[in-house]
Amino acid sequence: MKIKFLLVLAAFATTLGCASKKNGAVSIAVFIPGQMAGSTIYAQLGAGAERAVAEWNNGHKGGTPAHIVIVEAGYNQAEWESKLTILAAGGQYNLIVSSNPSMPYFVSAISEKFPAQQFLLLDAELAGNPNVYTLRYNQHEQAYMAGYLAGLLSEGAPRIGLIAAQEYPVMDNVIKPGYLEGANAAAAEFGFAPFVLDYRIVGNWFDAQKAAELGASMVASGIKAILPISGSANEGAVQAAAEGGAKILWFDSNGYAIRPGVIAGSCALLQEQAVYDKLMLYFEGNLPFGTADVAGLRDGYLRFVDDDPLYIQTVPQAIRDKQASLTSKIKSGALTLD
Ligand code: RBF
């Protein structure tokens with residue numbers, strides 16, 4: 001039944017696809033595995049792709065015009081593969097753009113069935129598929145920087161907090177250990193006891209009420225710094241920290257303005273710029289399909305935002321100096337976090 005439904009939709013999409021290709025435009029579909037609202041990594045994906053298409057069409061670089069659609073697949077992960085299959089089956093889009101570490105799994109299977117379909121995946125890694133280009137961010141560096149600052153802000157508290165939406169390999173193997181490693185590097189360097197990680201799971205990427213409860217319980221237990229990685233549920237963690245006098249480390253974008261005085265660090269991915277740059281390469285025929293790139297602090301696309309006045313107002317100079325010395329060690333290569 002489900003397959004039949006897919007086939008009918010695929011045939012319908014193919015008809016549309018022929019019409020679209022006759023117009024001679026390069027068609028881009030942005031597949032958002034979730035929703036853009038409240039998830040800065042996805043909001044940046046959509047914004048950067050739209051900027052690239054608009055600029056390309058403005059004739060800055062010339063060439064075939066492009067058109068773009070953004071498809072929000074929603075939070076039900078069980079539907080992602082069929083929704084993505086429909087996009088690819090239609091043959092309507094020259095390139096499908098998406099972002100998150102689980103996408104290579106779906107794309108590998110779909111790519112076998114639709115070998116003409118090309119993909120650009122950010123925040124993901126898949127090497128060797130001639131139709132797929134991926135760019136992964138160095139989230140070891142990103143989490144370590146967050147942890148180091150969490151450690152500095154938590155002097156005297158035995159634990160630091162991490163609120164994750166769900167468990168996934170990059171969370172379990174990179175972000176979670178990297179965050180604690182960073183905090184404990186600060187502890188070792190400045191002579192306080194090693195931290196214990198209080199790690200809680202929301203269960204989805206949108207339940208701000210649940211994240212608020214987890215945050216409140218952390219704050220009540222004496223935690224002073226929390227890293228929330230739970231999409232639009234983050235709002236609840238921010239509220240709990242604000243009410244309990246704790247600080248939030250923000251991931252993926254410059255978050256200081258979200259709650260001035262509460263957001264005390266921003267380990268930002270430059271995903272808007274990354275998708276823009278990679279789409280421009282694609283339009284010019286230079287995107288190296290088959291390649292998996294990694295971007296860290298030294299390569300751009302990842303930065304600790306230390307020039308925002310809200311950071312300067314919120315975090316004492318002595319702590320900012322220590323954090324600055326960490327980021328310059330990573331940038332210079334004196335500290336490598338692969
Ligand atoms: N990040 C978000 O901000 N919002 C989301 O809805 C979201 N959904 C995800 C779903 C899956 C299956 C995975 C593996 C990751 C998801 N991420 C989401 C996390 C995102 O890719 C990234 O790892 C984190 O934002 C930390 O940089």
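**Exercise 1. Find the strands on either side of β9, and say which residues face I248.**

Step 1. Five bridges connect β9 with strand β10 (residues 263-269), and the two run parallel. Strands here are DSSP runs of E with at least two residues, helices are runs of H or I with at least four, and both are numbered from the N terminus. Two strands count as paired when DSSP finds at least two bridges between them.

A word on the model before we go on: it is predicted, so local features need pLDDT of at least 70 and side-chain atom pairs count only at pLDDT 80 or more, while totals for chains, interfaces and linings use all residues. Residues are numbered from 1 along each chain as its sequence is written, and side-chain values use heavy atoms, with hydrogens and water left out.

Step 2. Now look at I248, which sits in strand β9. Opposite I248 in β10 stands I263.

Step 3. Turn to β8: this strand pairs with β9 in the parallel sense, over two bridges. Here I248 is the bridge partner of I226. To get from β8 to β9 the chain passes through helix α8 (residues 234-244), a β-α-β crossover that is right-handed (with the strands pointing away from the viewer, the path from the first strand over the helix to the second runs clockwise).

**Exercise 2. Is I248 buried or exposed, and how many residues of β9 are buried?**

Step 1. Recall the cut-offs: buried is under 20% relative accessible area, exposed is over 50%, and partly exposed lies in between, using a 1.4 Å probe and protein chains only.

Step 2. I248 has a relative accessible area of 0%, so it is buried.

Step 3. Across β9, five of the six residues are buried.

Step 4. D252 is also in β9. D252 counts as buried because its relative accessibility is 13%. Its phi is near 80 degrees, a positive value in a residue that is not glycine.

**Exercise 3. Trace the neighbours of β6.**

Step 1. Strand β6 (residues 159-164) has five of its six residues buried.

Step 2. Six bridges pair β6 with strand β7 (residues 196-201) in the parallel sense. Among the partners, R159 meets V196 of β7. The route from β6 to β7 goes through helix α6 (residues 169-190), and this β-α-β crossover is right-handed.

Step 3. β6 also runs parallel to strand β8 (residues 225-229), joined by four bridges. G161 has I226 of β8 as its bridge partner.

**Exercise 4. Describe the largest pocket.**

Step 1. A pocket is an open set of points, on a 1 Å grid over the protein atoms alone, where a 1.4 Å probe fits, with protein on both sides within 12 Å along at least five of seven lines; lining residues have an atom within 4 Å of a point.

Step 2. The largest pocket holds about 470 Å³ of space (the space filled by probe spheres set on the points, which are joined across faces, edges and corners).

Step 3. Its lining has 28 residues, and I41, Y42, N100, Y168 and W205 lie nearest the centre. Elements giving two or more residues to this lining are α2 (40-57), β8 and β9 (247-252).

Step 4. Sort the lining: 14 residues are nonpolar, 12 polar and two charged. Ala, Val, Leu, Ile, Met, Phe, Trp, Tyr, Cys and Pro are nonpolar, Asp, Glu, Lys and Arg are charged, and the others, Gly among them, are polar.
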